[in-house]
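Welcome to this tour! Open your viewer, get your mouse ready, and follow along one stop at a time.

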Amino acid sequence: MSDTTASLGRKIGTAGDLQSVVRTMKAVAASSITQYENAVHALDDYYRTVQLGLVACLRQGQQPLAQAQAPRPGAGAIAAVVFGSDQGLVGQFNDVMADFVLRTLEDLPGAKTVCAVGERIGSRLAETHLMLGKSFMLPGSIGAITSLVGQVLVEVDALLAKGEITQVYVFHSRPHAGAIYTPVCQRLLPLDETWRRELTAMAWPTRNLPEAINGAQAALPAFVREYLFVSLFRACAESLASENASRLAAMQRAEKNIEELLDDLNRSFHRLRQSGIDEELFDLVAGFEALAGADSPENL
């Protein structure tokens, strides 16, 4: 069925409205990227401070924590906290993360339970063979990340207390200049001897030997809590920055496609309109010539 000028006009109007929506979402995504990236950068110094506090305690004390020992033989159940998105229009963001989680967990022994942070990633993981645990909603702002991290830590503590898990892994996307973002995995727990060796290998920034006030055994649990908190907070902020970067890229592609569609529709509209004008002119000329021929002396 051929288009008419009226139908093409409606299509152009619809495409224009869609272009306005895409531009608005593009601006929101660009603004969100900035605030989440600033939050990640602001955490760098604090994260470094917490690490140095742990170094001081671990060098002064003998053992990290009772709960930080290596898992018992045969007790290797894993809880995976996976950050995705609640909303769509993010390209392959959730698909890439789900595939990365599957590939990573396949190489790890033991039972796996997945806690999804984000409705879309939860739906994507539900299509796999992985067992789903508790799901969480993504925060809509920087200030709401603290509440989410608290909920995740409460759930992890409950699973550890019940003996249902011995290891915790965190999966999230990290902003990357060359590829917009890249999926990464961090082992959050247990805080075992391997974790202790890697941490104590850090160089102390001054020549003064560190010493924990009131003893390492009193200070270490507080530093561990802050370490877990800031690790999850940073993972969430990086994931949200990556999500908005993916949405921005998707909106840029959509905007380009809409512009190309509008160009095609406008060309078709003007061509069809010009064709209609030409037909009217031809009819007018033909009618004039017919009238002029009827009034000529030869026909009188």
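**Stop 1: two helices that cross**

This is a predicted model, and our tour begins at a pair of helices. Select residues 93-106, which form helix 2, and residues 119-126, which form helix 3. The two pack at an angle of about 50 degrees, and their axes lie 10 Å apart. Helix 2 and helix 3 are therefore oblique to each other, and their crossing is right-handed.

Now show the side chains at the contact. From helix 2, pick Asn94, Asp95, Met97, Ala98, Asp99 and Val101; from helix 3, pick Arg120, Ile121, Arg124 and Leu125. Colour these residues by type and you will find five nonpolar, one polar and four charged.

**Stop 2: the whole chain**

Zoom out and switch to a cartoon view. How many helices and strands are there in the chain? There are six helices and five strands. Trace the chain along its sequence and you will meet them in the pattern α-β-α-β-α-β-α-β-β-α-α.

The chain has 300 residues, of which 43% count as buried. Take the contacts with a separation of 6 or more: 79% of them are between residues 24 or more positions apart.

**Stop 3: the largest nonpolar core**

Next, look inside. In soluble globular proteins, nonpolar side chains tend to be buried together. Here, the largest nonpolar core has 48 residues. Select Leu54, Phe83, Val168 and Tyr227, which touch the most other members. Several elements each supply at least two residues of this core, including helix 1 (5-60), strand 1 (78-83), strand 4 (167-176) and helix 6. Which element gives the largest share of this core? That is helix 6, with 14 residues.

Apart from this core lies another one, of 17 residues. To find it, select Ala98, Val101, Leu102 and Leu105, which are among its members.

Go back to Phe83 and show what surrounds it. Leaving aside neighbours within four places in sequence, Phe83 is in contact with residues including Met97, Val117, Leu138, Leu148 and Val170. Leu232, Ala235, Cys236 and Ser239 are also among its contacts.

**Stop 4: another pair of helices**

Now select helix 1 and helix 5. Their axes are 9 Å apart, and the helices pack at an angle of about 110 degrees. Helix 1 and helix 5 are therefore roughly perpendicular to each other. Helix 1 passes helix 5 in a left-handed crossing.

On the helix 1 side, the contact is made by Gln51, Leu54, Val55, Leu58 and Arg59. On the helix 5 side, look for Trp195, Arg196, Leu199 and Thr200. These residues divide into five nonpolar, two polar and two charged.

**Stop 5: two residues of helix 6**

Our last stop is helix 6, which spans residues 216-294. Select Ser242, which lies in this helix. Is Ser242 buried or exposed? Ser242 is buried, because its relative accessible area is 0%. Leaving aside neighbours within four places in sequence, Ser242 is in contact with Phe93, Ser173, Arg174, Pro175 and Tyr181.

Then move along to Glu255, also placed in helix 6. The relative accessibility of Glu255 is 11%, so Glu255 counts as buried, the cut-off being under 20%. Beyond its neighbours within four places in sequence, Glu255 is in contact with Val22, Arg23 and Lys26. Show those three side chains together with Glu255 to finish the tour.

Technical notes: Residues numbered from 1 in each chain as written. Predicted model: local features only at pLDDT ≥ 70, side-chain atom pairs only at ≥ 80, totals over all residues. Heavy atoms only, no water. Helix = DSSP H or I, 4+ residues; strand = E, 2+ residues; numbered from the N terminus. Buried < 20%, exposed > 50% of the residue type's maximum accessible area, 1.4 Å probe, protein only. Contact = heavy atoms within 4.5 Å. Core = buried A, V, L, I, M, F, W, Y, C linked by side-chain atoms within 4.5 Å. Axes fitted to C-alpha atoms, helices over the stretch in contact; angles between N-to-C directions. Parallel < 35°, antiparallel > 145°, perpendicular 65-115°, else oblique. Left-handed = near helix turned anticlockwise from the far one by under 90°. Nonpolar A, V, L, I, M, F, W, Y, C, P; charged D, E, K, R; others polar.
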